[in-house]
Amino acid sequence: MSEERFGEFVLVRRHADGHVAELALDRPKAMNAVSTAMARSVGAACAALGEDRDVRVVVLTSTHERAFCVGADLKERNSFSDADLLRQRPVARGAYTAVLELPVPTVAAVHGFALGGGFELALSCDVIVADRTAVVGLPEVSVGVIPGGGGTQLLPRRVGAARAAELVFTARRVAAEEARELGLVDQLVEEGRDREEALELASRMAVNSPVGLRAAKRALRLGHGLDLRAGLEVEDAAWRSVAFSGDRAEGVAAFNEKRAPRWPGE
């Protein structure tokens, strides 16, 4: 396993021959509160991972024992002038967008608090694995703002408009069991197992075609919310991008020869 640091607060680890990348939030003294510096580091790490053709799946984790991420750094924000806050907005938004737009499948491993921007980072991933200590929520209206890292758009896509409205308007925190029942998280695992289970899930994904994985994610993301006919056109475009690839040829050959594929990744 290799490690690379992006700034002071983000650590990237490589697993499974480099095909699974773990992006670890590593600001333990602040329970991974997203400062300006941390937001820049998240964006930089995602940019590097998105361009790395060896990476097939990214797992978003936390090094803090009791929290995934508690959201925006309100201590830093308290010192901001209006002009400072306006200048920071593109940086903060860029971190969430960078996770959301990663071209490979993404899995969030959540334990403890995942609140506000912390939960929005998880919502930006394709699958959320949470352990039984997880507490999630979007409490922004309780401090006079709104979810600004994608929460008002990503949450209703998961749980429906009315359920998302109730959660955003009440600003309430949701414990792990209810979060799983409501669809706020996808898999609920035993305490302390979120990272291991997320990495295992990522490894099961990463054995598949890197070309296929990227195209499938593109079709899923771009087609969501479109009417069926338009969505099927998105799917067809993604299919055409892989149908004549080296991965497709290798996958068919490996199936017929009853062996594991050796993906060329092109």
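**Strands, salt bridges and spaces: a group-meeting talk**

Good morning. I begin with a single pair of residues: Val-110 stands opposite Ala-130, which belongs to strand E8. Please keep in mind throughout that the structure before you is a predicted model.

Let us stay with that pair and look at the strands around it. Val-110 is part of strand E6, residues 106-110, and E6 is joined to E8 by four bridges, the two strands running parallel. On to the next partner: three bridges join E8 to strand E11, residues 187-189, and these two strands also run parallel. Within that pairing, Val-129 has Gln-187 of E11 as its bridge partner. For those new to the subject, strands of a sheet pair through backbone hydrogen bonds, in either a parallel or an antiparallel sense.

Why is strand E8 described as largely enclosed by the rest of the structure? The reason is that five of the five residues of E8, residues 127-131, are buried. Here a general point helps: in a regular strand, side chains alternate between the two faces of the sheet. In E8, Val-127, Val-129 and Asp-131 lie on one side, Ile-128 and Ala-130 lie on the other, and all of them are buried, so that both faces are covered.

I turn now to another sheet. It is open, it has four strands in the order E5-E7-E9-E10, and its pairing is mixed. Its edge strands are E5, residues 67-69, and E10, residues 174-175, each of which pairs on one side only. Between strand E7, residues 113-115, and strand E9, residues 135-137, there are three bridges, and the pairing is parallel. Ala-114 is found opposite Val-136 of E9.

Val-136 leads us to the spaces inside the model, since Val-136 is one of the residues lining the largest cavity. How many cavities of 30 Å³ or more are there? The count comes to one. The volume of the largest cavity is about 50 Å³. Its lining also includes Phe-119, Gly-137, Leu-138, Leu-155 and Leu-167.

The largest pocket has a volume of about 890 Å³. It is lined by 33 residues, and those closest to its centre are Gly-71, Ala-72, Asp-73, Leu-74 and Arg-77. Helix H2 (74-78), helix H3 (82-100), strand E7 and helix H4 (117-123) each contribute at least two residues to this lining. Which element gives the largest share? That element is H3, with six residues.

My next topic is charge. The structure holds 19 salt bridges, and I have chosen three to discuss.

In one of them, Arg-5 pairs with Asp-26, with the closest N and O atoms 2.8 Å apart. Arg-5 lies in strand E1 (residues 2-6), while Asp-26 lies in the loop between strand E3 (20-25) and helix H1 (36-51), so the pair ties together parts that are 21 residues apart in sequence. Arg-5 counts as partly exposed, at 41% relative accessibility, whereas Asp-26 is buried, at 16%.

Another salt bridge joins Asp-52 to Arg-14, again with a closest N to O distance of 2.8 Å. This pair links distant parts of the chain, 38 residues apart: Asp-52 sits in the loop between H1 and strand E4 (57-62), and Arg-14 sits in strand E2 (residues 10-15). Are these two residues buried or exposed? Both Asp-52 and Arg-14 are buried.

The remaining example lies within helix H3, where Asp-84 and Arg-87 are three residues apart, about one turn of the helix. Their side chains meet in a salt bridge of 2.5 Å, N to O. Asp-84 is partly exposed, with a relative accessible area of 25%, and Arg-87 is exposed, at 56%. Elsewhere, Glu-3, Arg-13, Glu-22 and Arg-195 are joined into one network by salt bridges that share partners.

I close with a charged residue that has no such partner. Arg-214, in helix H9 (residues 210-223), is buried yet has no salt bridge. Which side chain of opposite charge is nearest to Arg-214? It is that of Asp-52, 6.7 Å away, and Asp-52 is the residue we have just seen bridged to Arg-14. Leaving aside residues up to four places away in sequence, Arg-214 touches Leu-49, Gly-50, Asp-52, Arg-53, Val-55, Pro-103 and Val-104.

Thank you for your attention.

Key. Residues are numbered from 1 along each chain as its sequence is written. This is a predicted model: local features need pLDDT of at least 70, side-chain atom pairs count only at pLDDT 80 or more; totals for chains, interfaces and linings use all residues. Side-chain values use heavy atoms; hydrogens and water are left out. Two strands pair if DSSP finds at least two bridges between them. Buried means under 20% relative accessible area, exposed over 50%, partly exposed in between (1.4 Å probe, protein chains only). Lys and Arg count as positive and Asp and Glu as negative; His and the chain ends are not counted. A salt bridge is a side-chain nitrogen of Lys or Arg within 4 Å of a carboxyl oxygen of Asp or Glu. Contact means heavy atoms within 4.5 Å. On a 1 Å grid over the protein atoms alone, a cavity is a set of points where a 1.4 Å probe fits but cannot get out, and a pocket is an open set with protein on both sides within 12 Å along at least five of seven lines; lining residues have an atom within 4 Å of a point. Grid points are joined across faces, edges and corners, and a volume is the space filled by probe spheres set on the points.
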